[in-house]
Amino acid sequence: MAASTAGSSLPLRSRVSRESSPLNHRPSVARAARDGRPGQLVGSLSMASPKEESNRVGARNRLSQALELNKAFEGSRGEHVHMDAHLFPKPLSSVQSSNPNTDGSRLRVAYQGVRGAYSEAAAEKAYPNCEAVPCEQFDTAFQAVEKWLVDRAVLPIENSLGGSIHRNYDLLIRHRLHIVGEVKLAVKHCLLANHGVEIGDLKRVLSHPQALAQCEHTLTKIGLVREEVDDTAGAAKHVAFHDLKDAGAVASAAAAKIYDLNILAKDIQDDSDNVTRFLMLAREPIIPGTDMPFKTSIVFSLEEGPGVLFKALAVFALRKINLTKIESRPLRKRTLRTPDDTNNGAPKYFDYHFYVDFEASMADVNAQNALRHLNEFATSLRVLGSYLVDTTMI
């Protein structure tokens, strides 16, 4: 499937400079709001039965509690990005967060890379029939959503072999997008080359650093020199467009088809259980529910001291809330703590943001109480999103 329609096939970095400013895009959003679809508004003006009205009231109450709690955490101490009041997002339902637009138009979904990238496949899994829009960098995808150039972004956050994508963790705190879902994609690497080129002809191989690391054993056995590029599909495109005879690429079978390359070897990853988890990002938060398995992602920072992190994690253990992920990243603008008398004036401590995923919905009172408890002593706390767990795998 084509990554984008005519007039939008260029990576967004090239296109943004030719687009009008975000303010010029808002009239169309305003018109959509008048038409009853401002980013897919929750609710309807049609008459409802007493049971339906009761369900709506319950959903509104849960939403109100969760968003009020989220608002309180947004105001806690730490790093913040200020937004104009009229730009505050409107919440999506869990159905709207994963389905195409109900008015028949196609969602525009940003991903990092070029056509044939694994991120494109993840975007199409997350939003079937979407218009997948390639971006040169992760930052560009975040900006595209914020500037209303696209509706969503699907970006990798961790891999079962390579670990966390640190760049995207940093961008989550820098930008004000909301996590509205996750999607897991089984990654199957292929060794690609131009037609007529055999494995014995290859001297080097191009790909993303993580892809090369995931195929370390196979590439060492063949004896190829590794060359790192920005993404796997970009490596395939480079080999094809320059008609290289001594170089191959590690990329997907889809990339081989798009760029007319020959697949010399399939499934060359060292571990067959190679899965990448992607986050679905939007301007609007999702309405949390309790009728399906939900996950919540937060980021917080703490004062330095013995047992402080233990105390933070204990707020979840005390309430039997399972943690599925914890990641730490340096806190920008305050990497080293101010010297004190205990270390003779030398910088001693590094300050960190802690990212945590846990298995609970923000509509769950137990989860709300855990975050209220954490907020009592955390120096900053922010809810990044509360969203449905992806239980599928391809």
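## Loop residues around S10

In this predicted model, Asp260 sits in the loop that connects helix H10 (253-258) to S10. Its phi is near 55°, a positive value in a residue other than glycine. Asp260 has a relative accessible area of 52%, and because the cut-off for exposed is over 50%, Asp260 counts as exposed.

On the other side of the strand, Asp267 belongs to the loop between S10 and strand S11 (275-282). Asp267 also has a positive phi, near 50°, and is likewise a residue other than glycine. The relative accessibility of Asp267 is 45%, so this residue is classed as partly exposed.

A third aspartate, Asp243, lies in the loop between helix H9 (232-241) and strand S9 (247-251). Asp243 is partly exposed, at 42% relative accessibility. Between Asp243 and Leu261 there are 9.9 Å from C-alpha to C-alpha, with a separation of 18 residues in sequence.

## The five-strand sheet

Strand S10 is part of an open sheet of five strands, whose order is S8-S7-S9-S6-S10 and whose pairing is mixed. The edges are formed by strand S8 (225-228) and strand S10 (262-266); each has a single partner strand, so one side of each has no neighbour in the sheet. Ignoring direction, neighbouring strands of this sheet are turned against each other by 30° on average.

Which strand is joined to S10, and in what sense? Strand S6 (residues 190-193) runs antiparallel to S10, and four bridges join the two. Within this pairing, Cys190 has Lys266 of S10 as its bridge partner.

Helix H9 lies across three strands of the sheet, namely S6, strand S7 (204-207) and S9. With respect to S9, the helix runs at about 150°. The loop holding Asp243 then links H9 to S9.

## Strand S3 and its partners

Strand S3 (residues 152-159) has eight of its eight residues buried, so the strand is largely enclosed by the rest of the structure. Its pairings involve S1, S11 and S4.

With strand S1 (residues 108-112), S3 runs parallel, and two bridges join them. Here Ala110 has Ala153 of S3 as its bridge partner. With S11, S3 pairs in the antiparallel sense over six bridges. Ala153 takes part in this pairing too, standing opposite Leu281 in S11. S11 is also the strand that follows the loop containing Asp267.

The pairing of S3 with strand S4 (residues 163-164) is antiparallel and rests on two bridges. Glu158 stands opposite Ser164 of S4. The two strands are joined as a hairpin, through three residues.

## Strand S1

Is strand S1 mostly covered or mostly open? S1 is mostly covered, with five of its five residues buried. The burial extends to both faces: Arg108, Ala110 and Gln112 are buried on one side, and Val109 and Tyr111 on the other. Ala110, the residue bridged to Ala153 of S3, is thus listed with Arg108 and Gln112 on a single face.

Besides S3, S1 pairs with strand S2 (residues 131-135). This pairing is in the parallel sense and has five bridges. Gln112 of S1 stands opposite Cys135 in S2.

## Packing of H11 and H12

Helix H11 (residues 308-317) packs on helix H12 (residues 365-375) with the axes 9 Å apart and at an angle of about 160°. Angles over 145 degrees count as roughly antiparallel, and H11 and H12 are therefore roughly antiparallel to each other. Their crossing is right-handed.

Which residues make the contact between these helices? From H11 the contributors are Ala312, Val315 and Phe316, and from H12 they are Ala370, Leu371, His373 and Leu374. By class, six residues of the contact are nonpolar, one is polar and none is charged.

Note on methods
Residues are numbered from 1 along each chain as its sequence is written. This is a predicted model: local features need pLDDT of at least 70, side-chain atom pairs count only at pLDDT 80 or more; totals for chains, interfaces and linings use all residues. Side-chain values use heavy atoms; hydrogens and water are left out. Buried means under 20% relative accessible area, exposed over 50%, partly exposed in between (1.4 Å probe, protein chains only). Two strands pair if DSSP finds at least two bridges between them. Axes are lines fitted to C-alpha atoms, for helices over the stretch in contact, and angles run from 0 to 180 degrees between N-to-C directions. Contact means heavy atoms within 4.5 Å. Angles under 35 degrees count as roughly parallel, over 145 as roughly antiparallel, 65 to 115 as roughly perpendicular and the rest as oblique. A crossing is left-handed if the near helix is turned anticlockwise from the far one by less than a right angle, and right-handed if clockwise. Ala, Val, Leu, Ile, Met, Phe, Trp, Tyr, Cys and Pro count as nonpolar, Asp, Glu, Lys and Arg as charged, and the others, Gly among them, as polar.
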